[in-house]
Amino acid sequence: IAAGMQFAGGIMGGLEQSKALKSQAGELTRQANELERVGAQESQTIRKQGRSVVGEAVTSLASSGIVTNTGTAQEIRDYITNNAAFDAMTAVMDRSNQAYSARVQSAQARRQARSAILGGLLGGGGAALGTMAAAK
């Protein structure tokens with residue numbers, strides 16, 4: 001009976017550990033999805049701010065009597081637009097890298113969850129065999 005209890009205990013321990021690791025993996029996956037959503041949202045905000053700055057610059061230049069679609073005025077517009085696009089892409093890339101890291105951790109937790117079940121079986125079986133050998 002003691003050997004059976006040890007075997008069952010090892011299995012139960014492995015299952016509980018597996019369950020906790022799967023839960024952790026699910027949370028990491030949710031975090032990765034949220035990071036990507038936030039990156040896209042940040043990108044949109046940055047692009048919108050860039051368009052606003054361009055509008056302010058064009059208004060300022062036009063109020064000074066400068067033609068806004070040629071020469072230096074156009075270069076200023078292009079410069080602001082390009083910087084905003086670069087900043088937006090950087091925000092997406094940063095969040096994508098963070099999401100990738102969370103997904104890697106999630107995959108590791110899922111592998112550990114599978115190993116925990118096997119470890120519980122082996123540990124419980126080894127304990128049971130040890131008890132049976134000691135009883136003889």
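**Salt bridges and surface charge in a two-helix model**

E34 is partly exposed, with 37% of relative accessible area, in what is a predicted model. The side chain of E34 is engaged in a salt bridge with R37, in which the closest N and O atoms are 2.5 Å apart. Both E34 and R37 belong to helix 1, where three residues, or about one turn of the helix, separate them. R37 likewise counts as partly exposed, its relative accessibility being 43%.

The structure holds four salt bridges in total, among them a further pair in helix 1, formed by the side chains of R30 and E27 with an N to O distance of 3.3 Å. R30 and E27 are again three residues apart in helix 1, about one turn of the helix, and E27 is partly exposed at a relative accessible area of 37%. Side chains of opposite charge can pair when their charged atoms come close.

Another of the salt bridges joins the side chains of R95 and E42, at 2.8 Å from N to O. This pair links distant parts of the chain, since R95 lies in helix 2 and E42 in helix 1, with their positions 53 residues apart. R95 is partly exposed, with a relative accessible area of 22%, and E42 is also partly exposed, with a relative accessibility of 27%.

A separate feature of the surface is a positive patch, formed by K22, R110, R111 and R114. Helix 2, which spans residues 71-135, gives the most to this patch, contributing three residues. R111, which is located in helix 2, has a relative accessible area of 44% and is therefore partly exposed; because patches are made of residues with over 30% relative accessible area and no salt bridge, this value lies on the permitted side of the cut-off.

Helix 2 also holds Q105, a partly exposed residue with a relative accessible area of 39%. The C-alpha atom of Q105 is separated by 9.2 Å from that of Q24, although the two residues are 81 residues apart along the chain.

The loop between helix 1 (2-63) and helix 2 contains T68. With a relative accessibility of 17%, T68 counts as buried, because the limit for a buried residue is set at under 20% relative accessible area. When residues up to four places away in sequence are not counted, T68 touches V58, L61, A62, A73, Q74 and R77.

Technical notes:
Residues are numbered from 1 along each chain as its sequence is written. This is a predicted model: local features need pLDDT of at least 70, side-chain atom pairs count only at pLDDT 80 or more; totals for chains, interfaces and linings use all residues. Side-chain values use heavy atoms; hydrogens and water are left out. Patches are made of residues with over 30% relative accessible area and no salt bridge: like charges are joined within 9 Å, nonpolar side chains (Val, Leu, Ile, Met, Phe, Trp, Tyr) within 5 Å. Accessible areas come from the Shrake-Rupley method with a 1.4 Å probe; for residues, only the protein chains shown count as cover. Lys and Arg count as positive and Asp and Glu as negative; His and the chain ends are not counted. The place of a charge is taken as NZ of Lys, CZ of Arg, CG of Asp or CD of Glu. Helices (H or I, at least four residues) and strands (E, at least two) are DSSP runs, numbered from the N terminus. Buried means under 20% relative accessible area, exposed over 50%, partly exposed in between (1.4 Å probe, protein chains only). Contact means heavy atoms within 4.5 Å.
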